[in-house]
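Visitor: Before we begin, could you show me the model, so that I can put some questions about it to you?

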Amino acid sequence: MGRSRSYTRLLLGLLLLRSTWCLAVADDGGGAEEGGGAFPMVVSTWPFREAVRAAWEVASATGAGGSAVDAVVAGCSACEVLRCDGTVGPGGSPDENGETTLDALIMDGTTMGIGAVAAMRYVKDGIKAAKLVMDHTEHTLLVGEKATSFAISMGLAGPADLSSPESIEKWTIWRQNHCQPNFWKNVVPAGSCGPYHPIDVPSGESKASAKHVLEWTQGDICQGLFEPNNLLEPVNPHLKSINRHNHDTISMAVIDKMGHVAVGTSTNGATFKIPGRVGDGPIPGSSAYADDEVGACGATGDGDIMMRFLPCYQVVESMRRGMEPRDAALDAILRIARKYPDFVGAVFAINKKGVHAGACHGWTFQYSVRNSSMQDVEVITVAH
């Protein structure tokens with residue numbers, strides 16, 4: 001009876017959000033038998049074919065093949081070198097100061113070991129740095145310049161400039177456009193570059209007084225700031241135009257020949273982010289999660305929103321309770337959409353049998369798959 005009620009609520013959610021959610025599902029034969037002939041298997045966000053091929057080369061090696069962890073590192077490293085979509089690795093997504101920093105995560109679904117780095121400067125190898133954290137410390141996450149120092153002390157190349165001519169040009173144009181769009185809210189000046197200063201969020205009669213002061217000091221720049229609900233939004237509404245080229249992550253899952261599962265992520269974060277910002281990329285359970293006993297999940301999209309819900313942890317736990325990947329993926333997306341109907345994001349889910357699915361909200365999502373029954377990487381489109 002409880003399961004029937006849950007299914008009814010899920011259908012109701014589909015009806016309420018039918019204009020913005022999207023779903024795809026595929027079963028490539030791995031679901032026929034537990035640990036079936038489809039392994040090894042690689043799944044990744046977006047059509048990052050070369051990254052999937054690099055992971056596949058490790059996982060499908062002669063004999064027992066490489067481990068799921070090593071395959072994930074190879075795949076994400078390839079994406080960092082290729083600078084996939086300009087959102088992975090060095091050379092993309094400048095922050096407000098024009099600097100590129102890296103976030104990355106690796107998780108071993110056998111041991112539940114995790115390593116991650118966030119806001120790492122001057123080192124190009126995000127996923128390798130994350131693995132060093134997992135392999136050589138008792139910690140889970142290192143951040144900022146201390147993550148940089150750790151990575152270099154452990155043998156990674158650096159310090160190196162992570163900017164590129166393209167990222168500097170993008171940043172220069174943004175500065176010329178008065179630093180718009182940006183991620184600030186409830187601050188002045190609202191329509192130009194900082195430094196910014198907070199304004200109190202008023203209520204009742206004081207709201208009109210505050211509006212008068214802002215109009216006197218900022219003119220038309222603050223027009224619309226006091227419209228209904230606007231105080232809850234970024235200063236510039238164009239930030240809602242999130243897409244894979246300015247707000248993206250490679251999130252990859254691998255099931256190796258032994259049936260072990262691992263996931264990893266790598267990203268250079270949101271373009272024009274406030275320096276020090278950390279998104280969902282290095283947060284376990286948000287951008288990715290894995291458990292040999294269940295399967296794995298990867299996510300991409302508006303990390304500032306998605307990390308509040310830990311969608312990949314939700315997906316894996318839903319599958320643990322018996323949900324199929326398609327239902328688990330959609331359920332995780334709907335949980336976010338009910339609270340943030342304008343959010344943009346997606347997840348893929350894969351269970352330990354190799355059945356995979358994707359769900360998204362606010363955009364068309366694609367994810368890539370390779371297993372032993374395929375001749376090459378195949379791309380699944382999850383459309384509106």
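Visitor: What share of the area that the protein exposes is supplied by carbon and sulfur atoms?
Guide: In this predicted model local features need pLDDT of at least 70 and side-chain atom pairs count only at pLDDT 80 or more, while totals for chains, interfaces and linings use all residues. Residues are numbered from 1 along each chain as its sequence is written, and side-chain values use heavy atoms, with hydrogens and water left out. With accessible areas taken from the Shrake-Rupley method with a 1.4 Å probe, where for residues only the protein chains shown count as cover, the protein exposes about 16900 Å². Of that area, the share supplied by carbon and sulfur atoms is 53%.

Visitor: How many of the residues in the protein, as a percentage, are buried?
Guide: The protein has 10 helices and 15 strands, where helices (H or I, at least four residues) and strands (E, at least two) are DSSP runs numbered from the N terminus. A residue is called buried under 20% relative accessible area, exposed over 50% and partly exposed in between, with a 1.4 Å probe and protein chains only. Of the 384 residues in the protein, the buried ones make up 54%.

Visitor: Which residues have the most contacts inside the largest nonpolar core?
Guide: A nonpolar core is a set of buried Ala, Val, Leu, Ile, Met, Phe, Trp, Tyr and Cys residues joined through side-chain atoms within 4.5 Å. The largest one has 86 residues, and its largest share, 8 residues, comes from α10. Another core, of 6 residues, lies apart from it and includes Cys179 and Tyr196. Inside the largest core, the residues with the most contacts are Met252 and Val254.

Visitor: Which residue does UniProt list for "active site", and is this residue buried or exposed?
Guide: The record is an unreviewed entry, and it lists Thr249 under that heading; UniProt positions are given in the numbering used here, feature names are shortened, and annotations may be inferred rather than shown by experiment. Thr249 lies in the loop between α7 (205-218) and β8 (250-255). Leaving aside neighbours within four places in sequence, Thr249 is in contact (heavy atoms within 4.5 Å) with residues including Trp46, Thr267, Asp280 and Thr300. At a relative accessible area of 4%, the listed residue Thr249 is buried.

Visitor: Which residue in β9 is the bridge partner of Asp103?
Guide: Asp103 belongs to β3 (residues 102-108), where 7 of the 7 residues are buried, so this strand is largely enclosed by the rest of the structure. Asp103, Leu105 and Met107 point one way from β3, whereas Leu102, Ala104, Ile106 and Asp108 point the other way. Two strands pair if DSSP finds at least two bridges between them, and β3 is joined to the antiparallel strand β9 (residues 261-267) by 6 bridges. In β9, the bridge partner of Asp103 is Thr267.

Visitor: Which residue in the turn of the hairpin formed by β3 and β4 has a positive phi?
Guide: Strand β4 (residues 113-120) pairs with β3 in the antiparallel sense over 6 bridges, and Gly115 in β4 stands opposite Ile106. The hairpin has 4 residues between its two strands. The turn residue with a positive phi, of about 65°, is Met112.

Visitor: Why is the pair of Phe309 and Tyr340 described as edge-to-face?
Guide: Rings of Phe, Tyr and Trp (its six-membered ring) pair if their centres lie within 6.5 Å, with planes under 30 degrees apart counted as stacked, over 60 as edge-to-face and the rest as tilted; by this rule the count comes to 8 aromatic pairs. The centres of Phe309 and Tyr340 are 6.1 Å apart, and because their planes stand at 90°, the pair is edge-to-face. The two residues are 31 apart and the pair links distant parts of the chain. Phe309 is partly exposed at 26% relative accessibility, and for Tyr340, also partly exposed, the relative accessible area is 31%.

Visitor: At what angle do the ring planes of Phe365 and Tyr367 lie?
Guide: Both Phe365 and Tyr367 are buried, and they form one aromatic cluster together with Trp46, Phe348 and Trp363. Their ring centres are 6.1 Å apart, and the pair is stacked because the angle of the planes is 25°.

Visitor: Which residue in β15 stands opposite Tyr367?
Guide: In β14 (365-371), 6 of the 7 residues are buried, so the strand is largely enclosed by the rest of the structure. It is joined by 5 bridges to the antiparallel strand β15 (residues 378-382), and the two form a hairpin with 6 residues between them. Opposite Tyr367 in β15 stands Ile380.
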